[in-house]
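Here are my comments for a colleague who is opening this structure for the first time. Please keep the sequence and the 3D view at hand while reading.

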Amino acid sequence: MLKAYMILSIILFSIGMVGLISRRNIIVIYMSIELLLNAVNLSLIAISGDLGDSSGHVMSLIIIAIAAAEAALFMSLFVVLFRKKGSLDANIFDLLGSKYES
């Protein structure tokens, strides 16, 4: 059963990595990051369940809590960026912190 969970985790991680690398919309990039985190959570829980140890469950709960905080920050960042530029295309935001931007 562990093998099936690990294969599913690898597939989810691969889909998330492809989405993170190939897409330009910030929301899709965020969703890809969440998919990566959930793939890691799945593998942690599968390994923890196979070993009979609860430390993987604890780690996955910590990752879920961090992901929830990350979601709040990303959503507020999306609103600010959309108000400022009118788009969520990642190519527009390649000059973050640039003092030459008007």
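The numbered points below go from the chain as a whole to individual residues.

1. Confidence. This is a predicted model, and the points that follow should be read with that in mind. The mean pLDDT of the chain is 88, and 90% of its residues reach 70 or more. Where pLDDT is low, the predicted coordinates should not be read in detail. Among the helices, confidence is highest in helix α1, residues 2-22, with a mean of 94, and lowest in helix α3, residues 55-85, where the mean is 90.

2. Fold elements. The chain holds 3 helices and 0 strands, and, followed along the sequence, these give the pattern α-α-α. Its radius of gyration is 17 Å, whereas the globule rule gives 13 Å for 102 residues, and because the value is well over that figure the chain is more spread out than a compact globule. The box filled by the C-alpha atoms, taken along the principal axes, is roughly 55 × 25 × 20 Å.

3. Burial, surface and contacts. Of the 102 residues in the chain, 23% are buried. The accessible surface comes to about 7,000 Å², and 71% of that surface belongs to carbon and sulfur atoms. If one considers contacts between residues at least 6 apart in sequence, 53% of them join residues at least 24 apart.

4. Aromatic pairs. The structure contains 3 aromatic pairs, and one of them brings together Tyr30 and Phe74, whose ring centres are 5.0 Å apart. The planes of these two rings stand at 50°, and the pair is therefore tilted, since that class covers angles that are neither under 30 degrees nor over 60. Tyr30 belongs to helix α2, residues 26-51, and Phe74 to helix α3, so this pair ties together parts of the chain that are 44 residues apart in sequence.

5. A second partner for the same tyrosine. The rings of Tyr30 and Phe78 have their centres 6.0 Å apart, and with their planes at 80° the pair counts as edge-to-face, because angles over 60 degrees fall in that class. This pair, too, links distant parts of the chain, with Tyr30 in helix α2 and Phe78 in helix α3, 48 residues apart. Taken together, Tyr30, Phe74 and Phe78 form one aromatic cluster.

6. Is each member of that cluster buried or partly exposed? Tyr30 has a relative accessibility of 8% and counts as buried, because the cut-off for burial is under 20%. Phe78 is likewise buried, with a relative accessible area of 6%. Phe74, by contrast, has a relative accessible area of 23% and is partly exposed.

7. Ser43 in helix α2. Which residues does Ser43 contact once its neighbours within four places in sequence are left aside? The partners are Met6 and Ser9. Ser43 lies in helix α2 and is buried, with a relative accessible area of 13%.

8. Ser48 and what it touches. Ser48 is also found in helix α2, and its relative accessibility of 4% places it among the buried residues. Not counting residues up to four places away in sequence, Ser48 touches Asp53, Ser54, Ser55, Gly56 and His57. Two of these partners, Asp53 and Ser55, are taken up in the next point.

9. The loop and the start of the next helix. Asp53 lies in the loop between α2 and α3, while Ser55 lies in helix α3. A polar contact of 2.8 Å joins the side chains of Asp53 and Ser55. Both residues are partly exposed, Asp53 with a relative accessible area of 40% and Ser55 with a relative accessibility of 41%. Ser55 can also be placed with respect to Leu44, which is 11 residues away along the chain: the C-alpha atoms of the two are separated by 8.7 Å.

Technical notes
Residues numbered from 1 in each chain as written. Heavy atoms only, no water. pLDDT = per-residue confidence, 0-100. Helix = DSSP H or I, 4+ residues; strand = E, 2+ residues; numbered from the N terminus. Phe/Tyr/Trp six-rings, centres within 6.5 Å; stacked < 30°, edge-to-face > 60°. Buried < 20%, exposed > 50% of the residue type's maximum accessible area, 1.4 Å probe, protein only. Contact = heavy atoms within 4.5 Å. Rg over C-alpha atoms; globule rule 2.2 N^0.38 Å. Areas by Shrake-Rupley, 256 points an atom, 1.4 Å probe, with all protein chains shown as cover. Polar contact = N/O pair within 3.5 Å; in protein donor to acceptor, adjacent residues only side chain to side chain.
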